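Here's a small set of exercises to work through with the model open in your viewer. Try each task before you read its solution.

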Amino acid sequence: MSVNRIGIIGGSGLYHIEGFTRQKWVKVKTPFGPPSDDLLTGKLAEREMVFLPRHGRGHPILPGELNHRANIWAMKKLGVA
């Protein structure tokens, strides 16, 4: 049985997560257009994890411009349940 990854969609300022290892930025294409940013995969406390900066790195995306469907689709594509 496979274990699902943990997904975090972070707000402003959540760019460093202590103990988050094996980090790799992954670009995901979705049928809804691009997500807010590339997704950061890795391990946290022995669990696979995916992190997405909700407003993008550097905060270039305003709240009304977020592509929620693309963000959720990208998370599911990378195994987040």
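**Exercise 1. Is asparagine 71 buried or exposed, and which residues is it in contact with, leaving aside neighbours within four places in sequence?**

Step 1: check the accessibility. Asparagine 71 has a relative accessible area of 3%, and buried means under 20%, exposed over 50%, partly exposed in between (1.4 Å probe, protein chains only). That makes asparagine 71 buried.

Step 2: place asparagine 71 in the fold. You'll find asparagine 71 in helix α1; helices here are DSSP runs (H or I, at least four residues), strands are runs of E with at least two, and both are numbered from the N terminus.

Step 3: list the partners. With neighbours within four places in sequence set aside, asparagine 71 touches Pro35, Ser36 and Leu52, where a contact means heavy atoms within 4.5 Å.

Before going on, a word on the ground rules: this is a predicted model, so local features need pLDDT of at least 70 and side-chain atom pairs count only at pLDDT 80 or more, while totals for chains, interfaces and linings use all residues. Residues are numbered from 1 along each chain as its sequence is written, and side-chain values use heavy atoms, with hydrogens and water left out.

**Exercise 2. Work out the pattern of helices and strands along the protein chain, then describe its overall dimensions.**

Step 1: count the elements. The protein chain has four strands and one helix.

Step 2: put them in order. Going along the sequence you read β-β-β-β-α.

Step 3: compare with the globule rule. The radius of gyration (taken over C-alpha atoms) is 12 Å, close to the 12 Å from the rule for 81 residues, so the protein chain is as compact as a globular protein of that length. The rule itself is 2.2 Å times the number of residues to the power 0.38.

Step 4: get the box. Along the principal axes, the C-alpha atoms fill roughly 35 × 25 × 15 Å.

Step 5: look at burial and contacts. Of the 81 residues, 37% count as buried. Among contacts with a separation of 6 or more, 62% come from residues 24 or more positions apart.

**Exercise 3. Which salt bridges does glutamate 48 make with arginine 5 and arginine 22, and which parts of the chain do they tie together?**

Step 1: set the criterion. A salt bridge is a side-chain nitrogen of Lys or Arg within 4 Å of a carboxyl oxygen of Asp or Glu. That rule gives six salt bridges.

Step 2: take arginine 5. Its side chain meets that of glutamate 48 at 3.9 Å, N to O. Glutamate 48 is in strand β4 (residues 47–53) and arginine 5 in the segment before β1 (6–10), so this pair ties together parts 43 residues apart in sequence.

Step 3: take arginine 22. The closest N and O atoms of arginine 22 and glutamate 48 are 3.1 Å apart. Arginine 22 sits in strand β2 (residues 20–26) and glutamate 48 in strand β4, so the parts tied together are 26 residues apart.

Step 4: compare the exposure classes. Glutamate 48 is partly exposed at 27%, arginine 5 is partly exposed at 25%, and arginine 22 is exposed at 57%.

Step 5: glance at the backbone. Arginine 22 isn't a glycine, yet its phi is positive, about 55°.

**Exercise 4. Where do aspartate 37 and arginine 57 lie, and which network of salt bridges includes them?**

Step 1: find the bridge. The side chains of aspartate 37 and arginine 57 come to 2.8 Å, N to O.

Step 2: locate the ends. Aspartate 37 belongs to the loop between β2 and β3 (39–44), and arginine 57 to the loop between β4 and α1 (68–77); they're 20 residues apart.

Step 3: check accessibility. Aspartate 37 is buried at 14%, whereas arginine 57 is partly exposed at 38%.

Step 4: widen the view. Lys27, Asp37, Asp38 and Arg57 are linked in a salt-bridge network.

Step 5: tie back to Exercise 1. Arginine 57 and asparagine 71 are 14 residues apart in sequence and 14 Å apart in space, C-alpha to C-alpha.
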